[in-house]
Amino acid sequence: FWLKSQPFWVNIERMESKRNFFRDQSVAYHEAVGECFSASVVGSAEREDGGRVESCYNVKFSDGLRDWFVLKSYAEFLALHEKLKQDGKLVTPRLPTLSILGDSHKLRSGRFFQGFRKELGIYMNDLIRQVTDLEAHPVLQEFAERPERTAWLKKRHPYGYLQVHVREARGIVAGDTGITDQQSTSDAYCVLRLDEWPKGREDLKSKMVPRKTTVCPKTLEPKWNQNFVFQAHVSQPRLHIDLLDEDRLSADDALGQVDVDLFSVLPPWQKESFNGWLPIEAWTEGDEVPRDQAHGPRSFDRGEGSCADARLERKRDEPMGAIHLELKWTHVNNAAYLGTFIAPDTLPPAPLPEFDFERVYFPLMKIIELVWADFLAPCIFWLLDILLWRNMRNSLLALPIWAVLCHNMESWPALTCVGVAVFMLSQRRTRQVEKRPSLQDTEPPIVRGKSSKKVVLNENVEQQQQEEEEQHSAVIGGVGYFFSTGSRNLLRSLQPSINSIADGLKQVHDMHTWRHACSPCVLALWLGLVVLLLLVRFSTVLQFVGLAALVAMSPLHVAVRGVFQYYTARCRHRACHPVREPPKGWFSKDYMAAREVARSVSRVPTCFG
């Protein structure tokens, strides 16, 4: 125990009051425009310093948009603690100590050091959550070794504020199981988040700051009546609400979710508020219940293989209830909002995928097959057949055609487009011939014994091919283990580009070989290009295409597209009529069953508010 002159219970009360103070300070950035900082100790490692090896702790820092890691020894933690005491700008929490009087044998226990790392993480987290601007605290900034911030990490001023009033919910799913193994109630609460990133970037969900309502115990008609304010920075934000059931002894159950597209339901230029009911949707396979509340009083987790997952699978296609919301925009700066369309914020780089050599090898083989086997090799061998006179007819025809082309050099681009169009028409004819029924389809049925032998033979061939593919994949996957760390990181960075190139080449190949639905449009495009090249000089067309490509890649294109999108949305927007009373089709089966039970008995059950 830590020896002090005062009684032990007095120290405990002071520690609790300090912890409450740190929790209150951790939400200070909601009231002022600042950044959200957090810290934790995620592990330990050894560091060589001047020929001496010392044990260090791997501290993870986060500013709400980016994470970084630093290695710090316990001596550096002590130095930081003393400097902060002398500085006096921050309230320093209690630093955990390594001195254990009478219990030196615990120093050799792995469980002790695991708990000690956790206490160090709590100390660092309680310390840095008091900060809204790290540059104002040079002592802490020097310790955190924060990397240089780029333009998208700088402070952004909101163009408006979204007021969200969560009134109530009705007809929700029951998440608690009673004595008779029948679900009858829920301890429901909501977690709100304003998503300001595209839906495809699931890795940015953890960067958003969630807000949490209070828990309404034992009811299927929870009433919260709580207000929340969110700062808006992007052009098309989305309000996301998770409805969960609180469980004290197990993981919290997911009761549904609500996604509100504010750009279509309540755009920022609309002065009227939205006051109505919205249906609660079930969780889809791609969604994940958030595993950590950044600023809530407790954490929640569905867990793997829990009963909540089984109940969710059973209720995916069933109604999940309705929620009553009131939304309103305040202090909206229309000029700043238009600026989010003209100059949108740059997205942070996407995280690199996990190293998988199969995802690099097979796309590379596909690129080689499309570029060499399907395009370059046929063209080269066709030219070689003409030059080496392996095909007498083609070689004889090539002589007058080459003489005519040499006298009309300006018509080469148009003739190239004509050649591509003729190739597409030949591929179209080939596909039509392949689709015609063959003579084998019109033949009478084969004897039963022979047909069964043919079916068994085909099944054996398919099974053998499948086994060969599995063995091939296993060999290729094993080859990836022999790569060095640098080679793996290089392949991880190139993996998305290689997959995109392979998919793009496959689309182009399918369009020109008449295997794609857009093949007629591509043929019309080539024919239109032929007409354009016959009417306009090729140099003029090439100059126009080059300028168009430069403008399309410039910020001017983004600004013009943003202004067009903004004014088009304002002209086409129609006021959304909210639902004043939820229909019965939105209510869950648990809620309807509880209502039937309530009608059959004289007393009102506890599941209704």
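This text leads through the structure from its overall make-up to its sheets, a surface patch and several aromatic residues.

The model is predicted. It contains 18 helices and 13 strands. Of the 609 residues in the protein, 34% are buried. The surface that the protein exposes amounts to about 38,500 Å², and 58% of this area is supplied by carbon and sulfur atoms. Contacts can also be sorted by the distance along the chain between the two partners. Among contacts with a separation of 6 or more, 72% are made by residues 24 or more positions apart.

The strands may be considered next, beginning with an open sheet of 4 strands in the order β8-β7-β10-β11, in which the pairing is antiparallel. The edges of this sheet are taken by β8 and β11 (253-261); each has a single partner strand, so one side of each is left without a neighbour in the sheet. Strand β7 (residues 188-195) deserves a detailed reading. How many of the 8 residues of β7 are buried? The count is 8 of the 8, so the strand is largely enclosed by the rest of the structure. Its side chains can be followed in two sets: Ala188, Cys190, Leu192 and Leu194 point one way, while Tyr189, Val191, Arg193 and Asp195 point the other way. Both sets are buried, and the second of them includes Arg193 and Asp195.

The partners of β7 can be followed bridge by bridge. With strand β10 (residues 238-245), β7 shares 8 bridges, and the two strands run antiparallel. One position in this pairing is Leu194, whose bridge partner in β10 is Leu239. With strand β8 (residues 211-212), β7 shares 2 bridges, and this pair also runs antiparallel. Two positions illustrate the arrangement: Leu192 stands opposite Arg211 in β8, and Val191 has Lys212 as its bridge partner in β8.

Another open sheet of 4 strands has the order β9-β4-β13-β12, with antiparallel pairing. Its edge strands are β9 (223-232) and β12 (274-279), each of which pairs on one side only. On average, neighbouring strands of this sheet are turned by 25° against each other, direction ignored. Within the sheet, strand β4 (residues 160-170) is joined to β9 by 8 bridges, and these two strands run antiparallel. At Leu162, the bridge partner in β9 is Phe230.

From the sheets, the reader may turn to the surface. A nonpolar surface patch of about 1,100 Å² is formed by Leu364, Met365, Ile368, Val371, Trp372, Phe375, Leu376, Ile380, Phe381, Leu384, Leu387 and Leu388. One of these residues, Phe381, is located in helix α9 (residues 358-387). Is Phe381 buried or partly exposed? Its relative accessible area is 48%, and Phe381 is therefore classed as partly exposed, because that class lies between the limits of 20% and 50%.

In the loop between α9 and α10 (392-407) lies Trp389. This residue has a positive phi of about 55° although it is not a glycine. Its relative accessibility is 39%, so Trp389 counts as partly exposed. A second tryptophan can be read alongside it. Trp514 is found in the loop between α14 and α15 (519-535), and its phi is positive at about 60°, although Trp514 is not a glycine. For Trp514 the relative accessibility is 19%, and the residue therefore counts as buried, because the limit for that class is under 20%.

The final stop is Phe483, which is placed in the loop between α13 (448-479) and α14 (485-512). With a relative accessible area of 28%, Phe483 is partly exposed. Which residues does Phe483 contact, leaving aside its neighbours within four places in sequence? They are Phe355, Phe357, Arg488 and Leu491. The contact with Phe357 joins positions that are 126 residues apart in sequence; in space, the two residues are 9.6 Å apart, C-alpha to C-alpha.

How values were computed
Residues numbered from 1 in each chain as written. Predicted model: local features only at pLDDT ≥ 70, side-chain atom pairs only at ≥ 80, totals over all residues. Heavy atoms only, no water. Patch = residues over 30% accessible without salt bridge, like charges linked within 9 Å, V, L, I, M, F, W, Y side chains within 5 Å. Areas by Shrake-Rupley, 256 points an atom, 1.4 Å probe, with all protein chains shown as cover. Salt bridge = Lys/Arg side-chain N within 4 Å of Asp/Glu carboxyl O. Buried < 20%, exposed > 50% of the residue type's maximum accessible area, 1.4 Å probe, protein only. Contact = heavy atoms within 4.5 Å. Pairing = 2+ DSSP bridges. Axes fitted to C-alpha atoms, helices over the stretch in contact; angles between N-to-C directions.
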